[in-house]
Amino acid sequence: MSTDNNPVLNHSALTRDFSDASFDDAQDMEFADSEIMGDIFLQALDGEPAPITIQTSTTQTSKAQISHTQNDDVSTQSSLGEQAAHLPTSANPHFAVFTNPQGQFVPQDDSLIAQRPVFNGITSQPNPTFIPLLPIAKHKGTANRQLILDTETTGFEAQNGDRIIEVGIVEMINRRFTGEKLHVYINPKIEMGEEVIRVHGIHNVFLNDMPVFEQVGEAIYDFLQGAELIAHNAGFDMSFLQAEFARLGLPDINQTVTVTDSLAIAKRMFAGQRNTLDALVKRLNVGKQDRTFHGALLDAEILAEVYLAMTGGQVALAIDDDVGGGVGGATEHQRFSTTIKRFLASSDAEQAHLEWLNALKDNNPQLAENWASV
């Protein structure tokens, strides 16, 4: 159903600029899979206002706090050197070894990565077991380098103040996984409503101890350079990344990377069908991880399998740290995430097949001679 003649959908607070996209495009966005977002779309169709609201942290603030916030806004337009001098630092003491004196996270070599604790995945409460994973881009400049990425955000409109709260990236070279991943959670400095939290499962109290984008943005920007970025509904992710990088004064990311939209590929292959990531996972029988919540790294890993299946039939490859190599096509695939099923014919089916072959042989003597020579 197109939004062209529906002013409620065109101007609802739920929608964003889909760049001449149809309502089908909106349905294909990942958040349309949840029952919550389904209810929102139905309410929009009925002419009700969308319930998602983003509550900013300035609610009931003092004049001094408002003044401080305004100063922060001005500082985002300053030079990178000035930003570094006034960089807000996270209260999490576990980050100290991974940051420079200005509070920015440094690209991590293998020794730093080895110091990261194992993340237990809990994002509903303060959690010191998470340290941003920001590896050195050791394969930057390598031909055929692809980065499959996903983001989680506070809402749907990057140009209206919504922010990134999670970035997940998986690296491939020559369509093989290198084992390199990037994963960060980010304090957006605004409060999220319960409706948004119920989609991705990331709570405000967890993000309060995470770094702000100024602390991780340059490391993410450097990791992306020169690569082909692959994302599902890529315009959404790229609009948020560009907005965040612009706040740091970094050049337009679209000028330093190429972008491939896996949603556009799916629409060409499966025209007229639902092409959300969940729908593609079921259709292509890949990416069987639990997606109760839409985590960015999890979705990037699943999207990698979906993309390979859609673009060359290379499906169900393990995406684990034990799958190394990849540069120059030297990767050894150590396991598959699915096993091959065996189908055994029944005795009745075998007998029917033999009768069919005999009838075929009687009508085609030359064919029988060829069988005998095989």
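**A five-stranded mixed sheet and the second largest pocket**

In this predicted model, Leu-229 finds its bridge partner in strand E5, at Val-259. The two strands concerned, E4 (residues 228-231) and E5 (residues 258-261), pair in the parallel sense, and four bridges hold the pairing. Helix H10 (residues 234-247) joins the picture here: together with E4 and E5, H10 makes a β-α-β unit, and the unit is right-handed.

A step back brings the whole sheet into view. Five strands form an open sheet with mixed pairing, and their order reads E3-E2-E1-E4-E5. The edges are taken by E3 and E5; each has a single partner strand, so one side of each is left without a neighbour in the sheet. On average, and with direction ignored, neighbouring strands of this sheet are turned by 25 degrees against each other.

The antiparallel part of the sheet includes the pair E1 (residues 145-153) and E2 (residues 164-173), joined by nine bridges. Within this pair, Leu-147 stands opposite Glu-171 of E2. Two helices can then be placed against the strands. H10, already met in the β-α-β unit, packs on the sheet and touches E1, E2, E4 and E5; the direction of H10 makes about 80 degrees with that of E1. H13 also packs on the sheet, with E1, E2, E3, E4 and E5 as the strands it touches. Between the directions of H13 and E2 the angle is about 35 degrees.

Attention now turns to a pocket. The second largest pocket has a volume of about 710 Å³. It is lined by 31 residues, of which Arg-116, Phe-119, Phe-130, His-183 and Leu-297 are the closest to its centre. Helix H6 (110-114), strand E3 (176-185) and helix H13 (296-312) are the elements that give two or more residues to this lining. Strand E3 provides the largest share, with six residues. Sorted by class, the lining of the second largest pocket holds 14 nonpolar, 10 polar and seven charged residues. Sheet and pocket thus have elements in common: E3 is an edge strand of the sheet and a contributor to the pocket lining, while H13 packs on the sheet and gives residues to the lining as well.

Methods: Residues numbered from 1 in each chain as written. Predicted model: local features only at pLDDT ≥ 70, side-chain atom pairs only at ≥ 80, totals over all residues. Heavy atoms only, no water. Pairing = 2+ DSSP bridges. Right-handed = clockwise from strand over helix to strand, strands pointing away. 1 Å grid on protein atoms, 1.4 Å probe; cavity = no way out; pocket = protein on both sides within 12 Å on 5 of 7 lines; lining within 4 Å. Points joined across faces, edges and corners; volume = space filled by probe spheres on them. Nonpolar A, V, L, I, M, F, W, Y, C, P; charged D, E, K, R; others polar. Axes fitted to C-alpha atoms, helices over the stretch in contact; angles between N-to-C directions. Contact = heavy atoms within 4.5 Å.
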